[in-house]
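Q: I am new to this structure and would like a close look at one part of it. Please keep the sentences short.

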Amino acid sequence: MQKLIRTVLAAAFVAGASQIALAHEGPELTSPGFSFDGVFGRYDQAALKRGYQVFHDVCSNCHSLRFVAYRSLTGIGLTEDEVKTIAAEREIQAGPNDEGQMFMRPGRASDHYIPPFPNEKAAAAANGGAAPPDLSLMAKARAGGPDYVYSFLLGFEDAPPEGVTIPEGKFYNKIFPGHAVSMPPQVVDDLVTFADGTKATKEQIAHDVVTFLAWSAEPELDVRKSLGLWVMGFLTVLTALFYALKRQIWKDIH
Amino acid sequence: MADSAPHAQPASMDGQTRRDFLLYATTTVGVVGTALSLWPFVHSMNPAADTLALSTTDVDISAIQVGQAVTVLWRGKPVFVRRRTPEEIASATAADGESLRDPQKDAERVQKPEWLILVGVCTHLGCVPSGQKPTDPRGEFGGWFCPCHGSQYDTSGRIRKGPAPLNLEVPPYAFTSDTTLRIG
Amino acid sequence: MSGFKTNNKVVGWVEERLPIFSMLQHSAVEYPTPKNLNYFWNFGSLAAFCLVMMILTGLFLAMQYTPNTAMAFDSVERIMRDVNYGWLLRYLHMNGATMFFILVYIHILRGLYYGSYKAPREVLWWIGIIIYLVMMGTAFMGYVLPWGQLSFWGATVITNLFSAIPVVGKYVVTLLWGGFSVDNPTLNRFFVLHFLLPFVIFGLVFVHVWALHTVKSNNPLGIDIKTPQDTIPFHPYYTIKDLFGIGVFLMIYMVFVFWMPGAFAEPANAIQANPLVTPAHIVPEWYFLPFYAILRSFTQDIFFISAKLQGVIGMFSAIILLLFLPWLDSSKVRSAKFRPLYKQFFWIFVADCLVLGYVGGQPAEGVLVRIGQIAAAYYFFHLLVLLPLLGKFEKTKPLPASISAPVIRGGGAAAGATAQPMEKA
């Protein structure tokens, strides 16, 4: 038993050590606390919907979300009709038709989120040379995850600190590595008016849009954590039974 | 299976029964767990969400003239959408009484008599029958003719001659409006 | 074949044509196993269980993955979002790789601590090292498949290492790449090899167990089996103990899969590969970090041998040297239980490996460079200098007479390096 405990500790130590080894230094991140944190965490649907409203109204004008298919938005509580309407807001190239011509058609629920620009170069050209990155996986693609995105959104400052110069066309963000980012600050109080009437402080806006982006990076989280509870419960029972049987069989040896 | 190696006999019958119960309980839980854990593997082979999303296709039928037919792709297969002429409808219903290999009345195979919607895959061995264009060979019954082994279908898509065993399949469909047909 | 009897007609019919039942009886049921094995002996069966998990999940992932640079990243996202339980398969596979290496490292450390590599188990040890090498190749190529930033750049850095080979280096690298950089031909062949090698590992594991069964298992005391009283049949004692071990392992594994699936993952790999943008920190997977540190610790060219080439040689010899361990460690006593000095140095060695791992994960800057070099030097010092010296000069504790001897260890032969220990069973 002692050996077992030592083994588990050793494994945990290795895991922890590797975490430390892989952790990156950086500015302090603010953690607002999300509903999906923790062992029993789940996405808060109201926050998802508000967050999507922010994404839809503001972010999607520059940022793509190419791994999210419109149909999967039913996962944040939108109806099939709402999904179809949103999809049809933009057009996507299709064809060729019988004349051999390519044409544009409105989006369908089965399409993936149509990007605001037809390609990467157009996106860069329209945004001062730097293409706004796709946001589907952003909550997973930065050290610090959702906390990073939250802190970043609220990390813009009007003026950089003493001695720091920001090149023309860029903006000072205290969280972004290097501090000079091409994205202009977006999140301010009352940037949007939430459909459910929640007060749109900038913290609320950032919290909700990050909740949506977390969902977009990990839509399976609710199922994953709840299935996990069943699996752990089952394994606890099975392992306890194995242990009891082991003790039973080894009784004469010990 | 092989006899297991002898192990020490427990001192009392009670111990034996208790060990048996523990063995049975553990084995049951273990087997159930293993079976349950195989399900995600098997289910991952079932159609994924993106495949299921393409399981319906909407077709704009406003441009299809009487006597004209179009072919659309549905679930990876061709679907024939034919707007039948009155003559074609008449010959289809007239043949209801004939001895058919796969007996079906024409009315059972259409929702609106003018519109015949069929999966364009021959029920013999899977070739795509010709007959969608007016210039295509359509066989003796005015419907479709399969070039692979000579199966001939009538204006209701029923097999009339040749080796195919069944009528051309009618897919699930609905008219979502006067101009739109939803297949699947 | 001897000793196996059955009344079952079907079993008998098969047995006459392929003696599989008697083989199972002999190897998995009767196999005489020392009765004093502790839980560190579970890790072999745990690693085998993990291998099966990896092959199973890998197989079902391969049904949905596309090994083409234009589609690889997208196909992985499709698996995560659209394939039924795809996210589960992917997280099982990703975290299974980490678990596999943790289990194998503990399994190797057990071998180092208890002298399981010493005669007559040298070949068993060698097969183990070969399995480890093939595992590393498999894991390296597997990491390239999702085609994230680190997949691409990790592949670029490591394949570039081969250019350090004198004369033919450049041609070797071009051959590996199938082009002028890591690109589609590279990805495609890595996929094929990643699919193939686990089955090679499976075969090697079979040979590994065969070698083990030939010489029988070591035990925490490090002394040979002398009488049947020292052993118990593998079934049911160790079958149930292994099952219990699997249960505990699964609990730890599932905590990661269901709640911390990205704990061992680098965020940068969630970004699609971009040959024009190098990520700020290129970090290999954690299980490669000690070797990465050794590689980077060579910074000075020496005559015509570039620092790069020294690093490559150093990195590979760190593993190749392990093949010579049965001769480098000349002590006649197997188990660290009876080697008080070796025991201390063992734990220092473990700490050294952890330091190397930490250094490997950090940017090669500042004091860490020096620390890495010292740790790398110590690694070789331990293997090449310490072990031979300890073998010669260490005063070992007296060994018990046998595994089943009474706990009071009075019955041993004379203490010291002249103790009996290497008797054959």
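How much accessible surface does chain A have, and what share of that surface belongs to carbon and sulfur atoms? Start there, then take me to B:Arg84 and tell me what surrounds this residue.

A: Keep in mind that this is a predicted model. Chain A has an accessible surface of about 13,300 Å². Carbon and sulfur atoms account for 58% of that area. The chain is 254 residues long, and 40% of them count as buried.

Chain A is built from seven helices and four strands. Their order along the sequence is α-α-α-β-β-α-α-β-β-α-α. Now take the contacts in chain A between residues at least 6 apart in sequence. Of these, 63% join residues at least 24 apart.

Next, how far to trust the model. Its scores are ipTM 0.91 and pTM 0.89. In chain C the mean pLDDT is 93, with 95% of the residues at 70 or more. One stretch of chain C calls for care: over residues 409-421, pLDDT stays under 50. The model still has 21 contacts beyond four places in sequence for that stretch. Where pLDDT is low, predicted coordinates should not be read in detail.

Now to chain B and B:Arg84. This residue sits in a loop of chain B, with β3 (77-83) on one side and α3 (86-94) on the other. Is B:Arg84 buried or exposed? B:Arg84 counts as buried, because its relative accessibility is 1% and the cut-off for buried is under 20%.

Look at what packs around B:Arg84. A polar atom of its side chain lies 3.0 Å from the backbone oxygen of B:Pro113. B:Pro113 is also listed among the contacts of B:Arg84 beyond four places in sequence. That list further includes B:Val66, B:Gly67, B:Asp106, B:Val110, B:Glu114 and B:Leu116. B:Ile89 and B:Ala92 are in contact with B:Arg84 as well. So are B:Thr155 and B:Ser156.

One more feature of chain B deserves a look: an open sheet of three strands. Their order is β5-β6-β7, and the pairing is antiparallel. At the edges are β5 (142-145) and β7 (159-161), each paired on one side only. Neighbouring strands of this sheet are turned by 40° against each other on average, direction ignored. Between β5 and β6 (residues 152-154) of chain B there are three bridges. Within this pair, B:Phe145 stands opposite B:Gln152 of β6. Strands of a sheet pair through backbone hydrogen bonds, either parallel or antiparallel.

How values were computed. Residues numbered from 1 in each chain as written. Chains lettered and ligands numbered in written order. Predicted model: local features only at pLDDT ≥ 70, side-chain atom pairs only at ≥ 80, totals over all residues. Heavy atoms only, no water. Helix = DSSP H or I, 4+ residues; strand = E, 2+ residues; numbered from the N terminus. Buried < 20%, exposed > 50% of the residue type's maximum accessible area, 1.4 Å probe, protein only. Contact = heavy atoms within 4.5 Å. Areas by Shrake-Rupley, 256 points an atom, 1.4 Å probe, with all protein chains shown as cover. pLDDT = per-residue confidence, 0-100. Pairing = 2+ DSSP bridges. Axes fitted to C-alpha atoms, helices over the stretch in contact; angles between N-to-C directions. Polar contact = N/O pair within 3.5 Å; in protein donor to acceptor, adjacent residues only side chain to side chain.
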